[in-house]
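The following exercises concern contacts between chains and between domains. Each task is followed by a solution that proceeds step by step.

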Amino acid sequence: MTHADPTMRKVADFAPALFQSTEHHLCSGCGHPVAWRLLIEVLEELQLVDRSIGVVGHGCYTQIITTADVEFLQCLHGRAPAVATGMKRMLPDRAIYTLQGDGDMVSEGLAEVLHAAARGESITCLMLDNGVFGDTGGQMTAATTVGQRTKTSLDGRSEQEHGYPIPVADIVASFPGAAYVARGAVDKPNAIARTRRYLREAFASQLAGEGFSLVEILTMCPTGWAVPTDQGAQYQRDQVESTFGLGELRPRSTT
Amino acid sequence: MTLVLREGYDAIAAAAVDAGCRFFAGYPMLPFTGLLDAFARELPRNDGVWIQADTEIEGANMALGAAATGARAATGSTGQGIALMQETIAEAALNELPLVVFNMARGQQDYFQTTRGGGWGDYRTIALAPASVVEAAEHTRLAFELADRWLTPVILYGDHMIGFTQTTVEAAPDHRGATEPDKPWALDGSTGGTGASKVVWTWRQGKHNTPGPGPNRHWQHVADKYDQIATTEARHAGRHLDDAEHVVVSFGTTGAFVDYVVDELRREGHRIGTFRPVTLWPFPSVTLGDLARSAPCRQVLVHELNAGQMIDDVRIAVNGAVPVHAIGGVSQDESGMRQGELLDVDTIRERILAATEGARR
């Protein structure tokens, strides 16, 4: 399938040829597959398919390494920004990115992402944030929003009992080493289109050697949130986006 | 050949660069810090990359990432910091990534950590234990070679004594520019879109169109490889072993003290020899076992400065052929950074003589 203007096609029509299989184990209503597709689409658009390596953490999204025809290293939980740092320093002309969840990046791997950002490391970190450890059955993470239902906060995350979520993208955006930071979503077409632009900007800033880049992508997890599949997107808008607002948190200074 | 006076830390870092090491990341901890400093000086001026990591975990994973691109890469710490790296060391082993880890230890209490490890899975790490600065430099080169040959982490077990001792070493050894093996497994991003793009994953499931062996077959392959290493890479050093009635086993820098004492006792007519595993893993069990079963051998003494760790491997090797006795013990000096009063030739002499007289009675 060819399109004259790739930015104008319907997302639903598009299955990138780089996916060797469109089958996956993710639940109905999960936002991850849309994020996978955006990533692969942007790698194609920026002609990075044969000069990029993804360092992938532990979560539901990890399965992309078995289906997408690009190079991956599946690393230890939380450590992807450190592994990506070692790679980037040895392969400075390649696009090196991480793919992590909020459990991976904010709970287990907070040190790695913050230090990579502080160093201004020329890597791109992507966080799929659904506020739960989906792969282990829907437990609370350090990014679960107050009031959000998870298996370990059945009545919703409580400030008194569980404290507050860590807004890692906002923190990183305040670092001088960060060249580009944005938070997108995949719950509706215009959000998807914006998120794709954020990904393009993030990779472009890496290729231009501007510094560290991070894109947080809010993804629906109706299974983990214990809401009906078709209500996942609305739950995200009501529950998550009220804490984690969308947009460019640190735009590129050169554009 | 030009000889220069070098401190152990500098000798190791220079040997690493000479062996083609292009990446080092580490976090300060005494007495490893001297090596971190030496790499900070050596690598950048030799087209390498040095990063001060913000945790040992981060440093080890940075080195793992660099190693995954095929670059010779290393990290290091003391045993206490290497405790934090165990998960990463196991990950490198199961991913078959060559990774060199320098343990500039605070003493000899890291034998179990070095030879057993604390990571997950059926893995091993080759472990080299130099007794001197010269040997440490040789072992550094060997560590990178073994890591590449067997696609495994290799630990070099040094200590403050190696780090802070100055000695003459070759300034520019002949190995510089030594060729490295082909690394078809290394990631460089170029295989994306080919239908056979690479993926590094301990489960080795491959991709949809190019499935891998899967976890069980892969992990069995890794275990079989370590069996092969065990039979081919065991190394040891020994002195006066042909007719030794008493064999003293020690490792690392302690071995130099034991050798000194045993040479002295030999001159006085005692039939004593020394046996020092150069590889802590694989432990040279076959050689030591043969020695213990040889006619003159009456007992094996183990001098290690811990509560008894290597003695387990000695007992496995000796397998009851002769008695095995510990003559070392826990011995840390008050700084906490180095071996204590049991690392002393008079003490070692007394303990060896007491044990040999005991055997005569």
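**Exercise 1.** How many bridges join strand S2 (residues 71-74) of chain A to S9(B), and in which direction do these strands run?

*Solution.* The model under examination is predicted. Begin with the pairing itself: S2 of chain A and S9(B) are joined by 2 bridges, and the strands run parallel. Next, locate a bridge partner: Leu73(A) is matched with Val200(B) in S9(B).

**Exercise 2.** Describe how helix H3 (residues 80-90) of chain A is placed against helix H3 (residues 56-68) of chain B.

*Solution.* Two quantities describe a pair of packed helices: the angle between their axes and the distance between the axes. Here, the axes of H3 of chain A and H3 of chain B come within 6 Å and cross at roughly 45°. H3(A) is therefore oblique to H3(B). As for handedness, the crossing of H3(A) past H3(B) is right-handed. By class, 10 nonpolar, 4 polar and 2 charged residues make up the contact of H3(A) with H3(B). The participants from H3(A) include Ala82(A), Val83(A), Gly86(A) and Arg89(A), while those from H3(B) include Glu58(B), Met62(B), Leu64(B) and Gly65(B).

**Exercise 3.** Which elements give two or more residues to the side of chain B that touches chain A?

*Solution.* First, establish the extent of the contact: 38 residues come from chain B and 33 residues from chain A. On the side of chain B, the elements giving two or more residues are strand S2 (21-26), H3, helix H5 (86-94) and strand S9 (199-200). Of these, H3(B) supplies the largest share, 9 residues. Finally, sort the residues on this side of chain B by class: 15 are nonpolar, 15 polar and 8 charged.

**Exercise 4.** What are the domains of chain B, and how far apart do the C-alpha centres of domain 1 and domain 2 lie?

*Solution.* According to the domain assignment, chain B contains domain 1 (3-170) and domain 2 (236-360). Their C-alpha centres lie 26 Å apart. The contact between them takes 24 residues from domain 1 of chain B and 22 residues from domain 2 of chain B. On the domain 1 side, two or more residues are given by each of helix H6 (111-116), strand S6 (126-128), strand S7 (153-159) and helix H8 (160-164) of chain B. The largest share of that side, 4 residues, comes from H6(B). To complete the solution, classify the residues of domain 1 that touch domain 2 in chain B: 13 nonpolar, 8 polar and 3 charged.

How values were computed. Residues numbered from 1 in each chain as written. Chains lettered and ligands numbered in written order. Predicted model: local features only at pLDDT ≥ 70, side-chain atom pairs only at ≥ 80, totals over all residues. Axes fitted to C-alpha atoms, helices over the stretch in contact; angles between N-to-C directions. Parallel < 35°, antiparallel > 145°, perpendicular 65-115°, else oblique. Left-handed = near helix turned anticlockwise from the far one by under 90°. Contact = placed C-beta atoms within 7 Å. Nonpolar A, V, L, I, M, F, W, Y, C, P; charged D, E, K, R; others polar. Pairing = 2+ DSSP bridges. Domains from an automatic or database assignment.
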